[in-house]
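Reader: I should be grateful for a close examination of one part of this predicted model. Please describe the pairing of the strands there, and then the residues that bear upon it.

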Amino acid sequence: MKLGSTRSGKSGKARFFAVLLLAVVIAFGAWYVFRVGPAPEINLVTERPAVGRSNGVTAVFSEPKLGLGTVRLELIQGDRTELLAEEVFAPGSGIPFVGSAGTAQAVLEATVGTDAMGWLVEGEVVLRATAERASGPFRSVAPVSVESTLPVRLRPPRLGVVSTQHYGRQGGSGAVVYRVGEHVVRSGVRAGQVESPGSPRPGGGSKDRFVFYSLPWNEANSAEIRLFAEDDAGNRAEQPFLDIFKAMPARTDIIRLSDAFFERVVPAIASQTPGFDASGSLLDQYLRINGDLRRAELDRVAELSRDSEPAFLWSGPFLQMPNSARAANFAETRSYLYEGREVDQQTHLGLDLASTARAPVPAPNSGRVVFAGWMSLYGNAVIIDHGYGLLSLCGHMSTVDVAAGDSVTKGDRLGTSGTTGLAGGDHLHLEVFVHGQSVDPIEWFDAKWIRDNLATKLEVPIQ
Ligand SMILES: [Zn+2]
């Protein structure tokens with residue numbers, strides 16, 4: 001009896017565990033076949049906020065638990081639905097720890113716009129990204145969709161010139177006031193490949209813009225100088241605006257290089273320029289300074305121009321260093337001779353102004369110092385932001401008395417002239433930039449030019 005009761009107690013317990021095990025297996029099986037997993041996440045982004053000729057679309061899908069099934073990207077306008085991209089993924093087994101994983105993440109990309117879809121009309125389109133869960137025998141694929149409605153704009157934005165009498169000189173500067181239509185995100189003047197971006201006109205209406213533009217020294221074709229506006233769909237309007245354009249006569253000069261000159265300037269520049277490749281002869285190194293470093297420094301100025309303050313920080317004509325003579329002109333193409341042969345050709349931008357040695361260098365106009373320090377071929381240099389993309393650079397200085405961040409008033413002492421960098425003798429290299437493009441400083445020295453070309457178009461501080 002005692003034994004039997006023990007036996008029957010044991011078999012009862014075994015039955016209990018068997019039923020429990022069966023229940024667990026059934027519960028797991030039910031969970032495994034019926035579960036749908038979490039909803040896939042979808043991130044739908046477009047290159048532009050509106051559709052025009054061409055707009056890139058990217059959809060990122062993710063479902064790290066059970067994986068993705070079919071993912072799809074569609075474009076819908078009216079009753080037309082266009083399949084842009086689709087991918088079908090095989091489901092993983094989804095069994096924890098041992099099963100194969102499904103596809104956790106997928107990216108679909110497409111380009112929409114009239115370049116590829118001539119049937120699009122103005123109005124709106126809907127972009128739809130859909131993700132299905134990985135399928136199973138009893139598992140619902142329960143698709144998830146994300147939609148984005150974008151305007152379709154197929155016409156160029158409105159663009160009208162407001163100011164009059166635009167006289168331009170190759171290598172010079174100017175101002176133009178214009179008005180743009182709605183949805184314009186970028187506008188200004190294009191001269192060849194060079195763009196001068198416009199700004200809201202101070203005190204003007206919401207659609208009024210103005211720009212100080214540069215007419216690059218190496219762009220002689222006036223048909224390539226145009227006002228432009230681009231909207232959020234990438235539609236672009238362009239129109240000519242210059243009434244008169246004067247090409248610049250070619251200016252040339254010859255520079256004779258000597259070993260004595262190399263010995264003075266090359267090691268000094270190399271030692272102060274981190275990362276400089278000091279291999280090869282002094283001539284090789286000189287050519288790298290005159291070429292690669294020249295371009296790198298001009299890029300640095302263009303970078304500083306992009307952060308220029310949207311305010312007129314200057315007033316009246318720019319100041320030339322007192323009692324100085326012009327030793328080199330703007331946009332002189334220089335041939336460099338070494339031992340009787342031409343070894344290089346570069347264009348000298350800015351002006352070289354020679355006075356007495358270590359002459360005080362005045363701030364050419366009021367503004368904020370955005371750089372004060374070593375600039376390879378420019379030597380010790382000071383760059384001043386005068387606002388709205390107008391910058392000036394003073395180079396080859398022996399001493400610098402200001403620091404980045406300082407506000408300076410026209411005439412304030414920046415330091416003294418010198419021979420640092422690629423300088424043959426003591427002089428000041430003065431360069432003026434409009435939106436990162438070097439322009440002829442002569443115009444900015446001239447009160448009459450400022451009155452006739454800038455003050456007739458907008459209220460600039462001419463006093
Ligand atoms: Zn110079």
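Author: Ser335 stands opposite Gln345, a residue of strand β21. This pair belongs to a wider arrangement, for strand β20, residues 332-338, is paired with β21 in the antiparallel sense over 7 bridges. The two strands form a hairpin, with 2 residues between them. In that turn, Glu339 has a positive phi of about 50°. Most residues other than glycine have a negative phi.

Strand β21 covers residues 341-348, and His348 lies in it. His348 is to be classed as buried because its relative accessible area is 5%, and buried means under 20%. Leaving aside the neighbours within four places in sequence, His348 is in contact with Ala328, Asn329, Phe330, Ala331, Glu332, Arg334 and His429. With His429 there is also a polar contact, made between the two side chains at 3.3 Å.

The positive phi in the turn of the hairpin invites a look at two further residues. Arg358 is not a glycine, yet it too has a positive phi of about 50°. Its place is the loop between β22 (351-354) and β23 (360-362). Since its relative accessibility is 57%, Arg358 counts as exposed. Tyr388, likewise a residue other than glycine, has a positive phi near 50°. Tyr388 is found in the loop between β25 (380-387) and β26 (390-397). With a relative accessibility of 10%, however, Tyr388 counts as buried. The two loop residues therefore fall into opposite classes, Arg358 being exposed and Tyr388 buried.

Another buried strand residue may be set beside His348. Gln77 is located in strand β3, which comprises residues 68-77, and it counts as buried at 11% relative accessibility. The side chain of Gln77 reaches the backbone oxygen of Val121 at 2.8 Å. Residues up to four places away in sequence not being counted, Gln77 touches Trp119, Leu120, Val121, Glu124, Val125 and Val152. As for Val176, 99 residues from Gln77 along the chain, the C-alpha atoms of these two residues are separated by 40 Å.

A helical residue may complete the account. Leu20 is placed in helix α1, residues 2-34. Because its relative accessible area is 42%, Leu20 is partly exposed. Together with Phe16, Phe17 and Val24, Leu20 makes a nonpolar surface patch of about 410 Å².

Methods. Residues numbered from 1 in each chain as written. Predicted model: local features only at pLDDT ≥ 70, side-chain atom pairs only at ≥ 80, totals over all residues. Heavy atoms only, no water. Patch = residues over 30% accessible without salt bridge, like charges linked within 9 Å, V, L, I, M, F, W, Y side chains within 5 Å. Areas by Shrake-Rupley, 256 points an atom, 1.4 Å probe, with all protein chains shown as cover. Salt bridge = Lys/Arg side-chain N within 4 Å of Asp/Glu carboxyl O. Helix = DSSP H or I, 4+ residues; strand = E, 2+ residues; numbered from the N terminus. Buried < 20%, exposed > 50% of the residue type's maximum accessible area, 1.4 Å probe, protein only. Polar contact = N/O pair within 3.5 Å; in protein donor to acceptor, adjacent residues only side chain to side chain. Contact = heavy atoms within 4.5 Å. Pairing = 2+ DSSP bridges.
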